[in-house]
Amino acid sequence: MRKNASAVADAAGGPERFGARSFLRDHGVHFAYMGGAMAKAIATEELVIALGQAGYLASFGAGGLPLERVEQAVRKIQARLPHGPYAFNLLHSPRKLHTEEARVDLYLRYGVRTLEVSSFMTLTPSIVRYRVAGLTQRADGSVEAANRVIVKLSRVELAAQFMDPPPPAMIAALLERGQVTPLQAALAAHVPMAGDITVEADSGGHTDNRPLVALLPSMLRLRDDIQRRRRYPTPVRIGAAGGISTPQAILAAFMMGADYVVTGSVNQSCIEAGTSPHVKRLLAHVGMTDVAMAPESDMFEQGFKVQVVKQRSLFPMRAQKLSDVYRKYESLESIPDLERQALERDIFRASLDSVWQETTAFFAVRNPEELVRAQSPKVRMALIFRWYLGQASRWAVEGTPDREIDYQIWCGPAMGAFNDWARGSYLETPENRRVADIARVLMSEAAALYTSHAVRMSGAS
Ligand SMILES: Cc1cc2nc3c(=O)[nH]c(=O)nc-3n(C[C@H](O)[C@H](O)[C@H](O)COP(=O)(O)O)c2cc1C
């Protein structure tokens with residue numbers, strides 16, 4: 001029997017029907033759509049507030065900022081969104097565990113209830129502490145987890161650690177230090193370490209470049225296996241990130257079983273993003289293939305990479321050059337004169353000695369331990385090379401005029417996909433791009449697309 005097309009369309013519903021109901025309930029949002037963090041306040045307070053006021057969760061880009069600046073952001077966002085929704089990012093860095101601890105202290109002190117945590121390679125005491133310190137027992141005996149953890153990752157092995165309850169050995173240590181109560185320690189066995197796992201596919205910034213269609217099913221399978229064993233009252237939710245910037249991609253992610261979707265690259269080209277107008281204009285013109293992997297600053301010595309814009313920027317090539325030199329020589333002194341002069345002339349535009357002086361002054365304030373490590377000539381070379389990588393991000397954000405060619409702009413193929421989709425519409429120009437408007441349009445169009453698929457597949461006319 002042929003069905004009535006409008007009845008099928010009504011049944012399909014609007015964008016609020018996408019994703020897990022529990023995501024909307026637990027995060028107090030209207031839509032299962034999240035704006036991911038962008039480091040150094042590229043995801044500004046304004047971005048988080050604009051999305052929050054429109055009923056979407058967004059994460060402040062706390063990574064790479066001094067603690068006082070993060071505190072300022074907490075105050076501002078809490079004043080404008082006293083009842084949420086908002087999240088703060090906690091970026092793990094193996095060499096800065098004390099910084100991680102200080103940030104968790106700050107978030108606990110201010111009652112920040114949602115952390116988007118990323119770059120973790122394993123669980124650390126501070127993140128376990130954040131989760132467990134928010135546990136209480138309701139009158140009916142069930143467990144309330146007031147501190148929500150959204151972890152972003154791309155490895156199945158790591159996902160399993162976050163889907164299980166916090167490890168008993170770490171809880172015992174926290175209990176001994178008086179950082180959690182005996183009741184909280186007991187309740188911890190009943191909750192997963194993270195309520196939400198964002199599966200990051202081929203995205204801007206840190207990425208393993210995995211395709212979402214391959215990664216998501218493995219994570220969903222793992223979640224289902226663990227849920228069968230653990231029987232959590234609310235199963236761990238799986239979100240999709242990486243390449244999401246069109247209605248088609250959003251619909252595909254939800255149809256594959258994602259509980260929520262996360263955008264990143266597209267938001268950087270918006271009015272609320274904390275980067276220069278020059279970068280926003282550049283982003284509005286990049287194509288799908290105008291991105292490349294390049295060495296990153298924090299984990300330069302370990303050879304980690306990030307996805308960046310390569311159109312009209314020599315940054316990926318120059319950063320790679322520095323990485324090659326670092327791997328080839330044991331110290332600055334062993335770099336042949338001609339090669340060293342080329343680096344000073346083309347990349348640094350300064351002598352390496354003067355860069356070292358600047359680097360020393362920076363780390364003396366921000367992280368003196370690095371200067372202790374720098375007694376090794378190889379580490380000293382790494383710190384000097386990292387100066388260029390760090391400055392290249394700053395030049396982009398500030399729009400430094402004579403350094404356009406060196407701008408480091410984190411970005412994935414999602415940006416080109418969005419530009420293709422928006423071409424010919426008011427969203428083509430960055431001056432018209434507002435984060436909440438883009439979220440609304442993408443989600444509504446995804447719902448409309450779903451309706452038209454549902455009508456077509458039902459055989460209705
Ligand atoms: C400029 C930029 C900076 C980012 N910085 C962070 C960060 O500090 N912490 C984090 O968890 N994710 C960061 N991300 C990742 C985003 O939060 C998001 O997960 C990702 O961009 C989604 O994929 P997409 O780029 O394909 O949209 C960043 C992404 C971009 C584009």
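Helix 14 (residues 315-328) lies across strand 12 and strand 13, and its direction makes an angle of about 25 degrees with strand 12. This is a predicted model, so please read everything below in that light. Two strand systems help you find your way around: an open sheet of three strands, in the order 9-13-12, and a closed barrel of eight strands. The chain is divided into domain 1 (5-278) and domain 2 (314-406).

**The open sheet and its surroundings**

- Pairing in the three-stranded open sheet is antiparallel, with the strands ordered 9-13-12.
- Strand 9 (205-206) and strand 12 (291-295) are the edge strands, each pairing on one side only.
- Strand 12 and strand 13 (residues 305-309) run antiparallel and are joined by five bridges.
- If you want one pair to look for, A292 has V308 in strand 13 as its bridge partner.
- Between strand 13 and helix 14 there is a loop, and R312 lies in it.
- R312 is not a glycine, yet it has a positive phi of about 55 degrees.
- For background, most residues other than glycine have a negative phi.

**The barrel**

- The eight strands of the closed barrel follow the order 1-2-3-4-7-8-10-11, with parallel pairing.
- From one strand to the next, the twist averages 25 degrees.
- Within the barrel order, strand 7 (residues 148-153) pairs with strand 8 (residues 196-200) in the parallel sense, over four bridges.
- One residue pair to pick out here is K152 with its bridge partner T198 in strand 8.
- The loop between helix 4 (67-80) and strand 3 holds P85.
- G84 and P85 are joined by a cis peptide bond, with omega about 0 degrees.
- By way of context, most peptide bonds are trans.

**Around the ligand**

- There are 30 residues around the ligand, and those that come nearest are G36, A39, S203, G204 and G264.
- Two or more residues of this shell come from each of strand 3 (87-91), strand 4 (114-118), strand 11 (260-263) and helix 12 (265-268).
- By class, the shell around the ligand has 16 polar, eleven nonpolar and three charged residues.

**Helix pairs**

- As a reminder, two packed helices are described by the angle between their axes and the distance between the axes.
- Helix 6 (residues 125-132) and helix 8 (residues 168-176) have axes that come within 10 Å and cross at roughly 75 degrees.
- Angles of 65 to 115 degrees count as roughly perpendicular, and helix 6 and helix 8 are therefore roughly perpendicular to each other.
- On the helix 6 side, P125, V128, R129 and V132 meet M170, I171, A173 and L174 of helix 8.
- The contact of helix 6 with helix 8 has seven nonpolar residues, one charged residue and no polar ones.
- For helix 3 (residues 45-53) and helix 20 (residues 435-458), the axes come within 8 Å and the crossing is at roughly 40 degrees.
- Helix 3 and helix 20 are therefore oblique to each other.
- L47, A50 and L51 of helix 3 meet V435, A436 and A439 of helix 20.
- In the contact of helix 3 with helix 20 there are six nonpolar residues, with no polar and no charged ones.

**How the two domains sit**

- The C-alpha centres of domain 1 and domain 2 lie 34 Å apart.
- Eight residues from domain 1 and seven residues from domain 2 take part in the contact.
- The side of domain 1 that touches domain 2 has four polar, two nonpolar and two charged residues.

Technical notes. Residues numbered from 1 in each chain as written. Predicted model: local features only at pLDDT ≥ 70, side-chain atom pairs only at ≥ 80, totals over all residues. Domains from an automatic or database assignment. Contact = placed C-beta atoms within 7 Å. Nonpolar A, V, L, I, M, F, W, Y, C, P; charged D, E, K, R; others polar. Near = placed C-beta within 6 Å. Pairing = 2+ DSSP bridges. Axes fitted to C-alpha atoms, helices over the stretch in contact; angles between N-to-C directions. Parallel < 35°, antiparallel > 145°, perpendicular 65-115°, else oblique.
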